[in-house]
Amino acid sequence: MFKNTFQSGFLSILYSLGSKPLQIWDKEVVNGQIKRTQDEDIHSNVLEIVGLNVQSTYITCPADPAATLGIKLPVLVMIVKNLKKYFTLEIQVLDDKNVRRRFCASNFQAVTRVKPYICTMPLRMDEGWNTIQLNLADFTRRAYGTNYVETLRVKVHANCRLRRIYFSDRLYSEEELPPEFKLYLPMQIP
């Protein structure tokens with residue numbers, strides 16, 4: 001999808017305020033729903049993914065199961081709200097041994113487990129809105145001793161609210177981010 005695109009800085013694959021936030025995504029919903037809703041904390045539209053079973057309600061990118069993202073930027077960033085329910089996300093990468101590896105991060109996982117093609121790990125989220133930064137190059141090197149080449153697929157399972165999902169060339173501090181990549185909480189007036 002993005003293989004032949006010049007990639008530097010930031011590359012967004014989901015933005016909840018866009019006219020069609022799921023344009024390049026596919027949806028799977030069983031006993032749940034995926035909808036745009038107004039979040040009471042940030043007073044803005046967000047994408048909500050909720051379901052009884054985290055495995056059966058999700059969004060996946062790219063929409064075409066035969067296609068791959070081809071994103072070479074190594075850091076995945078998600079602005080996500082903790083709904084205090086089971087939540088998991090999955091990222092499929094390609095390494096320099098030409099092996100497809102999956103990283104699954106879940107808030108119900110207690111320990112990291114590395115198997116040949118999948119690495120499951122715990123994901124700790126604070127209450128409310130979180131910015132999750134995953135350094136996929138570092139994960140690939142530490143889990144498999146290989147080098148990250150590109151991200152092939154991203155899958156976000158229930159239960160969460162999403163503001164934005166993007167890739168970056170490195171970890172950025174809040175001050176370095178462009179305004180449209182920041183999460184603004186409304187001012188509290190006493």
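**Exercise 1.** Which residues of helix H1 (residues 136-144) are buried?

*Solution.* The structure is a predicted model, in which local features need pLDDT of at least 70 and side-chain atom pairs count only at pLDDT 80 or more, while totals for chains, interfaces and linings use all residues. Residues are numbered from 1 along each chain as its sequence is written, and side-chain values use heavy atoms, with hydrogens and water left out. Take buried to mean under 20% relative accessible area, exposed over 50% and partly exposed in between (1.4 Å probe, protein chains only); helices (H or I, at least four residues) and strands (E, at least two) are DSSP runs numbered from the N terminus. By this criterion the buried residues of H1 are Leu136, Ala137, Asp138, Thr140 and Tyr144.

**Exercise 2.** Describe what is found at the start of H1 and just after it.

*Solution.* At the start, a side-chain oxygen of Asn135 comes to within 3.2 Å of the backbone nitrogen of Ala137. After the helix comes Gly145, with a positive phi near 70°.

**Exercise 3.** Place Val75 in its surroundings.

*Solution.* Begin with strand E6 (residues 75-82), in which Val75 lies; Val75 is buried, its relative accessible area being 1%. Next, list its contacts (heavy atoms within 4.5 Å): leaving aside neighbours within four places in sequence, Val75 touches Leu134, Asn135, Tyr166, Phe167, Ser168, Arg170 and Leu171. Finally, compare positions along the chain: Val75 and Leu136 are 61 residues apart, yet their C-alpha atoms are separated by 5.8 Å.

Terms used: Polar contact = N/O pair within 3.5 Å; in protein donor to acceptor, adjacent residues only side chain to side chain.
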